[in-house]
Amino acid sequence: MEFRRRVMLAVGVLVVITAVSFLIDTAVWEAYLQNNDPAAPLLHTATVDREDLRHGPQSWRPYATPLAIGPGDIPSGGWYLAFVELGAVPVAGNPALSRTGSVRVDYRFTDLAGTASFSVYGLRVGDGRTWTNRQSGYGTSGYYVSGTAAPGEPPRWASPLQEGDRYTIEMAGSPRSVDDDVVRDTRTFWFERVGSGLDALHITADQAARAGQVTETADLEGSFYITHTGGNVIGDLLLMVAVDRPQPEGFELLLESTFVEDRR
């Protein structure tokens with residue numbers, strides 16, 4: 001009798017834990033979709049032009065220690081950086097408790113000079129700790145596009161970031177007034193320590209290759225996926241767009257992003 005009572009108590013606790021997890025997961029998921037029909041997640045669009053390249057020139061991208069921007073793991077070159085909020089986040093975890101999936105990003109460049117590099121950053125719900133895609137070793141991923149347009153003049157409004165474990169990033173599309181009193185839209189990246197935050201987010205051209213891959217292409221229009229294999233919830237997903245030379249007046253990047261559910 002005592003054994004049966006303990007078993008029933010254990011089962012009851014498990015049911016409560018599962019129910020609470022489900023409710024939390026459902027609430028987070030609904031926040032991601034912003035109350036849209038789950039069968040048709042919101043398509044988020046963004047446009048990047050040469051005025052959105054707010055950071056640089058520099059040879060590295062933000063992390064607890066500088067990461068390379070181009071293929072390989074050694075920082076080099078003089079890159080200009082823009083950061084774009086994607087408006088959707090990938091979801092990992094137990095598919096029995098949540099709709100897991102990735103974020104599909106469709107891109108189209110106009111008048112791209114040199115090479116453009118895509119990297120991804122995710123801010124953890126609750127404390128803002130930041131993850132990014134791995135630059136070297138197992139699980140390295142990235143997406144690189146080459147163009148043939150003639151370079152333009154260096155942007156006078158860009159400035160390099162300072163190395164550290166916290167960064168204040170200016171977002172693409174924020175106010176461009178020369179008035180210093182205008183508050184620009186920013187995000188804060190926080191990297192807890194060297195070695196952490198590199199194994200959760202990945203970029204891949206193949207949704208089935210969830211651990212990511214490196215793609216180099218001359219296609220000015222295409223798509224890739226951002227996958228999540230970590231255990232924590234991502235509250236905000238940003239795409240870093242870096243170009244290795246000043247862009248011409250006609251430079252433009254159109255981005256469309258949406259959540260794509262896993263089919264397992």
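Strands here are DSSP runs (E) of at least two residues, numbered from the N terminus. With that in hand, let's work through a predicted model together.

**Exercise 1. Get an overview of the chain and find where the predictor's confidence is low.**

Step 1. Start with the inventory: the chain has 264 residues, with one helix and 16 strands.

Step 2. Turn to confidence. The mean pLDDT is 85, and 79% of the residues reach 70 or more.

Step 3. Look for the weak stretch. Over residues 15-39, pLDDT stays under 50, and the model has 21 contacts there beyond four places in sequence.

Step 4. Finish with burial and contact range. Buried residues account for 42% of the chain. Of the contacts between residues at least 6 apart in sequence, 78% join residues at least 24 apart.

**Exercise 2. Decide whether glutamine 58 is buried or exposed, and find what its side chain meets.**

Step 1. Place the residue: glutamine 58 belongs to strand β2, which covers residues 55-58.

Step 2. Check accessibility. Glutamine 58 has 5% relative accessibility, so it counts as buried, the cut-off being under 20%.

Step 3. Look for a polar partner. A polar atom of the glutamine 58 side chain lies 2.9 Å from the backbone nitrogen of leucine 161.

Step 4. Fill in the surroundings. Beyond four places in sequence, the contacts of glutamine 58 include Leu161 and Pro160, along with Gly77, Gly78 and Trp79.

**Exercise 3. Lay out the five-stranded open sheet and name its edge strands.**

Step 1. Write down the order, which is β1-β16-β6-β14-β12, with antiparallel pairing.

Step 2. Pick out the edges. β1 (44-49) and β12 (201-204) each pair on one side only.

Step 3. Add the twist, which averages 25° from one strand to the next.

Step 4. Follow β16 (residues 252-261) to β1: six bridges join these antiparallel strands. Two places to look are aspartate 49, which stands opposite glutamate 252, and valine 48, whose bridge partner is leucine 253.

Step 5. Now follow β16 to β6 (residues 101-110), where 10 bridges join the antiparallel pair. Here valine 105 has serine 257 as its bridge partner.

**Exercise 4. Find which residues have the most contacts inside the largest nonpolar core.**

Step 1. Identify the core: it has 34 residues, and Phe118 and Ile226 have the most contacts inside it.

Step 2. Ask where its residues come from. Strand β15 (residues 234-243) gives the largest share, five residues.

Step 3. Set the second core apart. This separate core has 19 residues, among them Tyr63, Trp79, Leu123 and Tyr167.

Step 4. Return to isoleucine 226. Its contacts beyond four places in sequence include Val103, Val105, Val120, Leu237 and Leu239.

**Exercise 5. Contrast the settings of threonine 132 and glutamine 207.**

Step 1. Locate both. Threonine 132 sits in strand β8 (residues 130-132), whereas glutamine 207 is in the loop between β12 and β13 (214-217).

Step 2. Classify both. Threonine 132 is buried because its relative accessible area is 0%. Glutamine 207, at 22%, counts as partly exposed.

Step 3. Find their side-chain polar contacts. Threonine 132 has one of 2.7 Å with the side chain of arginine 61; glutamine 207 has one of 3.1 Å with that of serine 102.

Step 4. Widen the view. Beyond four places in sequence, threonine 132 touches residues including Tyr63, Leu67, Val120 and Leu201. For glutamine 207, the contacts beyond that range are Ser102, Tyr225, Val260, Glu261 and Asp262.

Step 5. Link back to Exercise 4. Glutamine 207 and isoleucine 226 are 19 residues apart along the chain, with 8.3 Å between their C-alpha atoms.

**Exercise 6. Explain why proline 246 counts as buried, and find what it touches.**

Step 1. Place the residue: proline 246 lies in the loop between β15 and β16.

Step 2. Apply the cut-off. Proline 246 has 16% relative accessibility and therefore counts as buried, which requires under 20%.

Step 3. Search for distant neighbours. Glycine 152 is 94 residues from proline 246 in sequence, while their C-alpha atoms are 5.3 Å apart.

Step 4. Complete the picture. Besides Gly152, proline 246 touches Pro151, Glu153, Pro154 and Pro155, as well as Tyr80 and Ala113, leaving aside residues up to four places away.

Note on methods. Residues numbered from 1 in each chain as written. Predicted model: local features only at pLDDT ≥ 70, side-chain atom pairs only at ≥ 80, totals over all residues. Heavy atoms only, no water. pLDDT = per-residue confidence, 0-100. Contact = heavy atoms within 4.5 Å. Helix = DSSP H or I, 4+ residues; strand = E, 2+ residues; numbered from the N terminus. Buried < 20%, exposed > 50% of the residue type's maximum accessible area, 1.4 Å probe, protein only. Polar contact = N/O pair within 3.5 Å; in protein donor to acceptor, adjacent residues only side chain to side chain. Pairing = 2+ DSSP bridges. Axes fitted to C-alpha atoms, helices over the stretch in contact; angles between N-to-C directions. Core = buried A, V, L, I, M, F, W, Y, C linked by side-chain atoms within 4.5 Å.
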